Structures are given as structure tokens and as C-alpha cells.
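Okay, thanks everyone for squeezing me in. I'll put the model up and then walk you through how the chain is laid out.

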Amino acid sequence: MHHKRKAIQDLYPDELAHCYGCGKNNPDGHQLKTYLMGDETIAHFTPDEKFTAIPGSVYGGLVASLLDCHGTGSAAAFACLAENIDLENVAIIPIRCVTASLKVDFKVPTPMGKKLELKGKLRSIEGRKILVDMTLSAEGIVCATGEILAIKLKD
Ligand SMILES: CCCCCCCCCCCCCC(=O)SCCNC(=O)CCNC(=O)[C@H](O)C(C)(C)COP(=O)(O)OP(=O)(O)OC[C@H]1O[C@@H](n2cnc3c(N)ncnc32)[C@H](O)[C@@H]1OP(=O)(O)O
């Protein structure tokens, strides 16, 4: 499976790995892990009951949070791909992206306790602006779609 390779977030430098959504150095956070697979990205997360909206479904803030972190991770990965940076051969990812804008469309309630799958596809890179389209699905049903504008940081 894809877990042989490193997650994008595990390539963030230690001092930038405290993000509540995806930092490997935040023991209380979600520690979301995004993997580059060919020309798309993938991540998984199984929410537990504390993230309930109405019983049986996941609250929208968590959905947005997962899309946010999958989006920035995906943007960094796609930017590396575009610059021919081989992520298999770096210890630290050389490109950092932050969210400027995030749009979430909630299509159907996200079921509680199921393994959620996030996917990302690059729409465009224009200078420092990276647009990524995402889906969040449960058991093959798209529960939410997301669109992120991530900005590549200058050093
Ligand atoms: C947090 C820092 C650590 C970094 C760690 C990395 C790894 C961490 C991983 C954790 C991941 C967690 C991730 C998180 O959650 S990060 C937390 C959430 N995000 C933030 O807090 C970011 C706050 N915002 C900023 O810092 C600045 O506004 C940024 C850096 C985003 C841009 O300010 P900057 O001065 O650099 O650039 P610019 O203003 O010239 O804009 C550039 C271009 O973008 C266009 N534009 C901008 N905004 C919008 C908008 N809303 N809609 C449409 N377009 C927009 C703008 O028109 C321009 O286009 P153009 O005129 O060139 O065509």
C-alpha cells in the first residue's frame, strides 16, 4: 500500500509540525497524513463520537479541518511535483503552503465511526497560488467537497 512512503506532513520540519489538524508533534491533534499517489493525494481518518454533530453524524468543523490540512499537504506535494522535487528522496519538504481560502460544500451527512477517505487533485498553480479540489467520502459516498487556495510561503 501507499504507507511505504512517507506522509507529506511527516516531511514538515519539527518546529512546524504542531498543527492541530496534521502536526506529527501534536499528541492531542488529528495527525492527518496525506500521501501522494501518482497525480492525486489521499488521506484517511476515522472520527469518534466526540466529533458528533447530531447523533450518528460528524460535525462540519471536523470535516473542514480535515479538508484544510489535506489541502495544504496536497498543495505542497503538487508544488513539489511541478518543480521536479522527488518526495521519496527528501527528509524535509522544501515548500510550505498555508491556507488563504477554503470552501466546503456539505453534500450529505458524514457518518460517525466510518473510515473517511480524502482525495485531492490539482486544479492549477499560478505563481504562489495553488488550487486543489478535494472530496471527503465514506464507504464510497462523497459527503463533502472542498476547494482550497493555498499560498506558497516565501522563505
Ligand atoms: C502558519 C505559518 C507556518 C507555515 C508552516 C507550513 C507547514 C504547516 C502545515 C500546517 C498547515 C495548516 C494550514 C493552515 O490552516 S494555516 C492557518 C490558516 N491560514 C492562515 O492563518 C493564513 C493567514 N493568511 C496569511 O498569512 C496571508 O494572507 C497569506 C500568506 C495567505 C497570503 O499573504 P502574502 O502576503 O504572502 O500574499 P498575497 O496577499 O500577496 O497573496 C498572494 C496571492 O494570493 C491571493 N489571495 C490571498 N488570499 C486570498 C483569498 N483569501 N482569496 C483569494 N485570493 C487570495 C492574492 O490576491 C495574491 O494573488 P495575486 O495578486 O498574486 O494574483
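So, let's start with burial: 34% of the 155 residues in the protein chain are buried, where buried means 20 or more other C-beta atoms within 10 Å of a residue's own, exposed means 12 or fewer, partly exposed is in between, and C-beta atoms are placed from the backbone. Before I go on, this is a predicted model: local features need pLDDT of at least 70, side-chain atom pairs count only at pLDDT 80 or more, and totals for chains, interfaces and linings use all residues. Residues are numbered from 1 along each chain as its sequence is written.

Overall dimensions next. The C-alpha trace spans about 45 × 30 × 30 Å along its principal axes. The radius of gyration is 15 Å, which agrees with the value near 15 Å for a compact globule of 155 residues; that's taken over C-alpha atoms, and the globule rule is 2.2 Å times the number of residues to the power 0.38.

Now the elements. The chain has one helix and six strands, in the order β-β-α-β-β-β-β from the N terminus. Those are DSSP runs, with helices being H or I of at least four residues and strands being E of at least two, numbered from the N terminus.

How are the six strands ordered in the sheet? It's an open sheet, E1-E2-E4-E5-E6-E3, with antiparallel pairing, and two strands pair if DSSP finds at least two bridges between them. Strand E1 (35-37) and strand E3 (97-106) are the edges, each pairing on one side only. From one strand to the next, the twist averages 25°; for angles, axes are lines fitted to C-alpha atoms, for helices over the stretch in contact, and the range is 0 to 180 degrees between N-to-C directions.

Going through the pairs: E2 (residues 40-45) and E4 (residues 116-126) are joined by six bridges, with Ala43 opposite Leu118. E4 and E5 have ten bridges, and Gly120 has Met134 in E5 as its bridge partner. Those two strands form a hairpin with two residues between them, and Gly127 in the turn has a positive phi of about 60°. E5 and E6 also pair over ten bridges. Their hairpin has two residues between the strands, and Glu139 takes a positive phi near 50°.

E5 is a nice one to look at side-on. Ile130, Val132, Met134, Leu136 and Ala138 point to one face and are buried, while Lys129, Leu131, Asp133, Thr135 and Ser137 point to the other and are not.

And the helix? H1 (residues 60-82) lies across E1, E2, E3, E4, E5 and E6, at about 130° to E3. Phe78 sits in H1, and it counts as buried because it has 26 C-beta neighbours inside 10 Å. Leaving out residues up to four places away in sequence, Phe78 touches Leu122, Ile125, Ile130 and Val132, a contact being two C-beta atoms, placed from the backbone, within 7 Å.

Last bit, the core. In soluble globular proteins, nonpolar side chains tend to be buried together. Here the largest nonpolar core has 35 residues, and Leu66, Ala75 and Leu136 touch the most other members; a core is a set of buried Ala, Val, Leu, Ile, Met, Phe, Trp, Tyr and Cys residues joined through C-beta atoms within 7 Å. H1 gives the most to this core, with ten residues.
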